[in-house]
Amino acid sequence: MANTEQILKMCDIPAVPMVAMKILRLVEEENINVDALQDVIMADQSLAARVLKMANSSFYGLRRNIDTVSEAIIMMGFNTIKNLALAVSTKDVYKKFGLLEQKLWEHSIGVSVAAGLLAQAIRFPSAEEATVAGLLHDVGKVVMNNSQPERFSLLTEMVYNDRVMFIDREKDMFGFGHAEVGGIFALRWGFSGHLSDAIRRHHFEAFDDLLELEPSTRNLCCIIALADAICIRLGVGYRGPMADLNLRDREYMELLEIGEKEFSDLIERFKQAYVEEKISYQM
Ligand SMILES: [Fe+2]
Ligand SMILES: [Fe+2]
């Protein structure tokens, strides 16, 4: 197994984009200046739109509308704003935006939406954190692709042609996996260790270690793994649906205490919510 240093030799973790960096700095100050924070967010239209959308989402269950960014900041809290700013910035990491990046981005949006619904279903205390982890869970693939494009395209070709699991082949070709790269990315970008853990363990190969984790980290890991499974099954960000893979979905459902009926209802809601979310990112 490769360690962080070996991974960093082969993978360039991109720097945090300017807007997110400014927000990180402001949020880390002792006396946080809400007006300054609002100014930075307002200067970035797509970030401002996401902040307002999140503040008015069902996660918070408010009866009234939040119309201004400063109200949203106060209501959601600084940590959420930080996570959101960083998550929105990851779109820049998908810089080439060819077909591969497009598919990975769609898959990330799908997993983010599914994770939010699962988090709400189990009353996970921070549904927003789950959506951010969902959006980032496969960012390691993008980093690997940007750092070693030829090797990565060979890998994806093999996965498509031989219909083998990505996670089985990536270790042969890179010596490490995208989940590990994603975990390093999350820490370097200033996300919490909890979120980095969920990214690092989002594949079922890490399932057996989950039981040792403290409950909220374990639940976040299960949410991301199950959200990923939902998207893989439905073919979100893939060439087509894949029903026959072993993804240990049932075991994740059991750990999260989600029943069959609740799960199939959730999948129906997911299909609708995914389409809406995709449109909102195009704005
Ligand atoms: Fe993955
Ligand atoms: Fe994934």
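Biologist: Is α14 mostly covered or mostly uncovered, and how many of its 20 residues are buried?

Modeller: In this predicted model, α14 is mostly covered, with 14 of its 20 residues buried. A residue is called buried if 20 or more other C-beta atoms lie within 10 Å of its own.

Biologist: Which distance should the 20 residues of α14 span?

Modeller: The rule is 1.5 Å a residue, so α14 should span 28 Å; the C-alpha atoms at its ends are 28 Å apart, in agreement with the rule. Just after α14, Gly 235 adopts a positive phi of about 80 degrees.

Biologist: What does α14 give to the largest nonpolar core?

Modeller: In soluble globular proteins, nonpolar side chains tend to be buried together. Here the largest nonpolar core has 75 residues. Helix α14, residues 215–234, gives the most to this core, namely 12 residues. The core also draws at least three residues from each of domain 1 and domain 2.

Biologist: Which residues have the most contacts inside that core?

Modeller: They are Ala 114, Ala 115, Ala 133, Ile 223, Ile 224 and Ala 227. Leaving aside residues up to four places away in sequence, Ala 227 touches Val 111, Ala 114, Ala 115, Leu 118 and Gly 134.

Biologist: Where do the two domains lie in the chain, and how many residues of each are in contact?

Modeller: The domain assignment places domain 1 at 10–90 and domain 2 at 94–283. Contact between them involves 16 residues of domain 1 and 23 residues of domain 2. On the side of domain 1 that touches domain 2, the elements giving two or more residues are α4 (45–55) and α6 (78–89). Of these, α6 gives the most, with 5 residues. By residue class, that side of domain 1 divides into 11 nonpolar, 3 polar and 2 charged. The centres of the two domains, taken over C-alpha atoms, are 23 Å apart.

Biologist: How should the chain as a whole be read, and what are its helix and strand counts?

Modeller: The chain has 16 helices and 0 strands. A compact globule of 283 residues would have a radius of gyration near 19 Å, and the chain, at 18 Å, agrees with that expectation. Its C-alpha trace spans about 55 × 45 × 35 Å along the principal axes. Buried residues make up 39% of the 283 residues.

Biologist: What share of the contacts with a separation of 6 or more joins residues 24 or more positions apart?

Modeller: That share is 65% in this chain.

Terms used. Residues numbered from 1 in each chain as written. Chains lettered and ligands numbered in written order. Predicted model: local features only at pLDDT ≥ 70, side-chain atom pairs only at ≥ 80, totals over all residues. Domains from an automatic or database assignment. Contact = placed C-beta atoms within 7 Å. Helix = DSSP H or I, 4+ residues; strand = E, 2+ residues; numbered from the N terminus. Nonpolar A, V, L, I, M, F, W, Y, C, P; charged D, E, K, R; others polar. Core = buried A, V, L, I, M, F, W, Y, C linked by C-beta atoms within 7 Å. Buried ≥ 20, exposed ≤ 12 C-beta atoms within 10 Å, placed from the backbone. Expected span 1.5 Å × (residues − 1). Rg over C-alpha atoms; globule rule 2.2 N^0.38 Å.
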